[in-house]
Amino acid sequence: MTAIQVDKESVEPHEKQIWLLVPRSKEADSESPAGHQDERPIKMTQSICPECNRILKAQIFERGGKVYMRKVCPVHGETEELYYGDYDMYLKFSAYWDDGKKQEAPNVKMDSCQCPSNCGLCTNHLSHTGLANIIVTNRCDLTCWYCFFYVKKGLEGAYVYEPTIEQIREMVRALRAERPVPGNSVQITGGEPTLRDDLPEIIRAIKEEGVDHVQLNTNGINIALHPELAKIYREAGVSNLYMSFDGVTARTNPKNHWEAPYAIEACRKAGLGVVLVPTVIKGINDHEVYEIIKFAKQNIDIVRAVNFQPVSLTGRMTKKEREKYRITIPDVIKRIEDFSQGEIASDDWFPVPSCSPITHFIEAITNRKQYELSIHFACGAGTYVYLDREKDRLVPITRFVDIKGLIEYLDEVADDINSGTNKYVEMGKVALKIGSFVDKSKEPAGLDLGRLLFEVLFKHDYSSIGKFQMNSLFLGMMHFQDKYNHDEERLQRCDIHYLTPDLRIIPFCSFNVIPEWYRDRIQKKYGVPVEEWERQHNEKLEDRLYRGQLRKQAIKEGSGASCLVNEMLSGITGQP
Amino acid sequence: MISRNVLNRATARVVPLTPQAGINGTVSFRVEFSFPQSFIDSITLDTIRAAYKQYDRRIRVRYTVRLYKEGAIIKRTLREITFVKKWILYWTRAPDILEKYKAYIWPLGVDEEGRAVFFNSFDDAKKFIFTSSTMMTVTAPELGVGESRIGATVKARLWRHTFIEAGTLEASTEPVSVQILQE
């Protein structure tokens, strides 16, 4: 049967509508996965075969307090995968489910679409772009074993992909053309974007196209080596750095252990906020998740957030290998609770779509569609923590704000306004009541969260949200999918997208999970062969590889760590 | 749009689970409530699909259940509980629902504890949100020795949706007798 019924009454396609040459998936004609005695079925969904991408029926079920997915391909057999590490959290988080506003300005035709083929976006897609990635290069100065996203010289069909500034402008215009909510947040990514010498011009071009938030995804090495870059990027318009940071030891973070402190210091001097981004792999660095938070706490003046990313298992892996490395959002949350001895507990976390009632309230009082984080509940979670300077402890927002009550209250007020009560009366009531959700006696000294919340609700602009963020440390989780745990319901709600030169806007988990249909195809079409790039630029790809200068320098100095690294990591690793 | 008139026929009843108890014991009741059957029948998959398309995707019912003891003049409140049940309408990719119902908009329930409830049938989903069954327990001394007449009222608040106006349904039960014995 056809996977979904198509909503024929949807709005007319966008003028930039594009037909794509992506092979359509085979239909969902797989057999239903059989259940087992010790399992409790939860629901059904659709997934893909990790071998052949055929669309399959998939069963989500509980076993032993965890949630699993099972699917059966008629050709390649059964795949069972851990989907969510805690059944109770699954039920609690799924109660915040909230479908977004759909795409009313699609870039691909609906009748050629059968998810996950032909993504780009179509009117089946339920979330507007929350964060748009623009790959400015796929060159990188590192060659990490687990990374899938840099051009590898010597491989057949290796292409260097570097869109021009004009192409980038066009991509951003496609983002701004989204309706009902134009995209307003861009992440410049790679490869390693700082390898592009014209990066400041790219940043300025994106800002000129009307984007408020520009985030730079980097390993920080170039900024550590050339600290002046932080100021240049800041002045060009970068809002914050999104920096890889996989652990607090050289063993867990071979990528930038020696360089990250220098990069952070450069950002501190430039006033450029930093988000630390650890990719969490079971058995590799999951024991350091709380140490990473402690590192962020030590640098809370400049580190705005830690965004943990449980690893996405790409490529072919056996079930045993997957079980070895697989970790999900609840597992990371539980580890943080255990290692912090309850300082940040499981109950302090909420799924990303729990923000939706705030959007509903603002929409009710403004009568206008607003930016909304309507991703699937299993894709992300977060909490805010505040530094209690007197006790030198992190205090999660839930310890002094009744978040659940506030969310419920705002949703109900939105319903009241939509039911015809006077919105100004309701706004007055909210203004008076908002403080009652904050327990002042438990609020960290110097913080006035009631006022910040008031500004978010009633000013609801970029700067008031920024002010709310600046006073806190945001802890987030974002679990990207892979072919083993792929869920069409998650993909349909994805709001982290890629902008491509053919003016498509492709969900992250299509772009990277099925690279043969998306990422590789785009890079080949719009890139140049490595050899040609080397000829054109009169340099070798490997010329820009990082050779570990800072690490070597630190070892040469004899301490095993430079002063700055020592200072930043002391108290975390126990080093002198 | 569903007529408000159909809502005037909501039903409620109170069932004593322990009709008799000693003075040191407790007495339990189950208070049942249902929206009018005609209203429940009128909510179809077409109704929720139309609501979904107009971004009307959360249906919330706030129940207030009051258990009282009938006196000569007044009805003394013994217990009062308020809770919310919700439907969240979402676009499902569940092949079983797509095949059986030929529909892609489906409700997800949220119970009184704020936990999700997944439904396999649309009748189950409607039963979940449009009926309630509340357990209430009172201690025997609160009722006093002898016969007590116990009743309940249930209010169900609905907000405005594409298919109905905002309003509150109310239903009262016939009182039931319980006997408290001197031990």
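Start with the salt bridges between chain A and chain B: there are 10 of them in this predicted model. To see one, select Asp88(A) and Arg115(B), which form a salt bridge with their closest N and O atoms 3.6 Å apart.

Next, bring up the chain A elements behind this contact. Strand E1 (40–48), helix H1 (87–94), helix H11 (403–418) and helix H15 (488–491) of chain A each supply at least two residues to the side that touches chain B. Colour H11(A) for a good view, as this helix gives the most to that side, with 7 residues. Now colour the side of chain A that touches chain B by residue class: you should find 21 charged, 12 nonpolar and 11 polar residues.

Zoom out to take in both partners. The contact takes 44 residues from chain A and 35 residues from chain B. About 3,600 Å² is buried between the two chains, and carbon and sulfur atoms give 48% of that area. Polar contacts across the interface amount to 23 residue pairs, counting those with both residues at pLDDT 80 or more.

For the last stop, move to chain B and select Asp56(B), in the loop between helix H2 (45–53) and strand E4 (58–70). Is Asp56(B) paired in a salt bridge or without one? Asp56(B) is buried yet has no salt bridge, and the nearest side chain of opposite charge, Arg57(B), is 8.3 Å away. Look instead at Thr162(B), whose backbone nitrogen lies 2.8 Å from a polar atom of the Asp56(B) side chain. Leaving aside neighbours within four places in sequence, add Ala51(B), Leu89(B), His161(B) and Phe163(B) to the selection, which are among the residues in contact with Asp56(B).

How values were computed
Residues are numbered from 1 along each chain as its sequence is written. Chains are lettered from A and ligands numbered from 1 in the order in which they are written. This is a predicted model: local features need pLDDT of at least 70, side-chain atom pairs count only at pLDDT 80 or more; totals for chains, interfaces and linings use all residues. Side-chain values use heavy atoms; hydrogens and water are left out. Contact means heavy atoms within 4.5 Å. Buried area is the accessible area (1.4 Å probe) that two parts lose on being put together, summed over both. A salt bridge is a side-chain nitrogen of Lys or Arg within 4 Å of a carboxyl oxygen of Asp or Glu. A polar contact is a pair of N or O atoms within 3.5 Å; within protein, one must be able to donate a hydrogen and the other to accept it, and residues adjacent in sequence count only if both atoms are side-chain atoms. Helices (H or I, at least four residues) and strands (E, at least two) are DSSP runs, numbered from the N terminus. Ala, Val, Leu, Ile, Met, Phe, Trp, Tyr, Cys and Pro count as nonpolar, Asp, Glu, Lys and Arg as charged, and the others, Gly among them, as polar. Buried means under 20% relative accessible area, exposed over 50%, partly exposed in between (1.4 Å probe, protein chains only). Lys and Arg count as positive and Asp and Glu as negative; His and the chain ends are not counted.
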